[in-house]
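This report introduces a protein model to a reader who has not met it before. It treats charged pairs, overall architecture, buried cores and the surface in turn.

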Amino acid sequence: MKEHFKNGAAICIGSAVMGFGINYFNTANGLAEGGITGASLLLKYMFGWETGFTNFAMNLPLFLVGWKVLGRKSFVYTVFATLMFSLFVYIFRWFRFPMNDLLLASLYAGATVGVGLGIVFRYGGTSGGTDILAQMFKKFWGWPIGRSVFLFDSLTILLSLIYLDRERAMYTIVAVFIGSRVIDYVVEGTAKGKAAFVVSRYPELISERIHQELERGTTFFYGKGGYSDSDKKIVYCVVSRSEVSRLKKLVLETDRQAFVIVNEVFEVIGEGFTPVQEKL
């Protein structure tokens, strides 16, 4: 019950941020949006129909798909998020901020909607519409949610050319792209650290120095050299971004012929990084 309350409150906040952003930046500056929300905005521009009502009505058929794809818990969260988003779009309908600079408007529109939708995704819901399809692609094919949303939303924006001029349609694409990147940051986290693979003649010595000098743990992977056909121990460790230069210096001091691969890590849970209890 406590978890449901926490998730419901977060989804409500995310939906409010989205609803505010749609009115304050998109509608105020004649920008469209992707997915069902974009279609609802287009209907508002063309016929004056209220965005909140049309958004919820157009989502109803997709809920039937969502029931089978998302599962009961996520489906309930999705219906709740869609209802809350539609409600907040209606509540904030008088909040407008017309801007002379459409580029600035599109940047703020994308960032605001991205933050709101990212919060909704992070706590198990979607805003309905193409977001349900994005969850499908994430579940079955492992596509990043932001990329899927950007793909589907771009198709909707093409339809907005029925009413919008090309300039506003292009700025809308900027907003949707920014939003897709912000969604991924909110859902997956920004880069928290670096992961390093070290192939060396002295893996035990390098591992020991990492333990003592960086106070980081290491793991050994066992591999075989493709050219030499010899067995190798590969040292794997995760460090903070500020420790990368120390790690490389340490490795090269130990073995000038070492081979080091460094990758970004978007989220690290465990001792020395994000405590486990904060993720529960």
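## Charged pairs and overall build

Asp-231 and Lys-224 are both exposed. Their side chains meet in a salt bridge, with N and O 3.0 Å apart. The model under discussion is a predicted one, and 8 salt bridges are present in the structure.

Three of these salt bridges are described here, and the table lists their N to O distances.

| Pair | N to O distance |
|---|---|
| Lys-194 and Glu-264 | 3.6 Å |
| Arg-209 and Glu-253 | 2.9 Å |
| Asp-231 and Lys-224 | 3.0 Å |

A salt bridge joins Lys-194 to Glu-264. Because Lys-194 belongs to strand β1 (residues 193-199) and Glu-264 to strand β4 (residues 259-265), this pair ties together parts that lie 70 residues apart in sequence. Glu-264 has a relative accessibility of 47% and therefore counts as partly exposed.

The side chains of Arg-209 and Glu-253 also meet in a salt bridge. This pair, too, links distant parts of the chain: Arg-209 is in helix α8 (residues 203-214) and Glu-253 is in helix α9 (residues 244-254), with their positions 44 residues apart. Is Arg-209 buried or exposed? Arg-209 counts as buried, because its relative accessibility is 18% and the limit for a buried residue is under 20%. Salt bridges with shared partners join Arg-209, Glu-213 and Glu-253 into one network.

## Architecture of the chain

The chain contains 9 helices and 4 strands. In sequence order, these elements follow the pattern α-α-α-α-α-α-α-β-α-β-β-α-β. Of the 280 residues in the chain, 47% are buried.

A search of the whole structure for disulfides finds 0. As for individual cysteines, Cys-12 is partly exposed, with a relative accessible area of 23%, whereas Cys-237 is buried, with a relative accessible area of 1%.

## Helix α2 and its surroundings

How do the ends of α2 compare with the span expected for its 13 residues? At 1.5 Å a residue, this helix should span 18 Å, and its end C-alpha atoms are 18 Å apart, which agrees.

Helix α2 is largely enclosed by the rest of the structure, because 10 of its 13 residues are buried. Among the buried residues of α2 are Gly-35, Ile-36, Thr-37, Leu-41, Leu-42, Lys-44 and Tyr-45. Met-46 also has its place in α2, which comprises residues 35-47, but Met-46 is partly exposed, with a relative accessible area of 35%. Just after the helix, Gly-48 adopts a positive phi of about 80°.

Leu-41 can also be placed relative to a residue farther along the chain. The C-alpha atoms of Ser-160 and Leu-41 are separated by 9.1 Å, although the two residues are 119 residues apart along the chain. Ser-160 is part of helix α6 (residues 145-160), and with a relative accessibility of 3% Ser-160 counts as buried.

## Nonpolar cores

In soluble globular proteins, nonpolar side chains tend to be buried together. The largest nonpolar core of this model has 16 residues, of which Ile-11, Met-18, Ile-22, Phe-85, Leu-117 and Val-120 touch the most other members. Helices α1 (2-26), α2, α3 (51-91) and α4 (102-122) each supply at least two residues of this core. A second core, separate from the largest one, has 13 residues, including Leu-214, Val-235, Val-244 and Val-251.

Met-18 also serves as a reference point for a glycine in another helix. Gly-110 belongs to helix α4 and is buried, with a relative accessible area of 4%. The C-alpha atoms of Gly-110 and Met-18 are 9.8 Å apart, while the residues are 92 residues apart along the chain.

## A nonpolar patch on the surface

Which residues form a nonpolar patch on the surface? The patch is formed by Met-46, Phe-47, Trp-49, Leu-159, Ile-162 and Tyr-163, which together have about 680 Å² of accessible area. Met-46 can belong to such a patch because its relative accessible area is 35%, and members must have over 30%.

How values were computed: Residues numbered from 1 in each chain as written. Heavy atoms only, no water. Patch = residues over 30% accessible without salt bridge, like charges linked within 9 Å, V, L, I, M, F, W, Y side chains within 5 Å. Areas by Shrake-Rupley, 256 points an atom, 1.4 Å probe, with all protein chains shown as cover. Salt bridge = Lys/Arg side-chain N within 4 Å of Asp/Glu carboxyl O. Buried < 20%, exposed > 50% of the residue type's maximum accessible area, 1.4 Å probe, protein only. Disulfide = S-S within 2.5 Å. Expected span 1.5 Å × (residues − 1). Core = buried A, V, L, I, M, F, W, Y, C linked by side-chain atoms within 4.5 Å.
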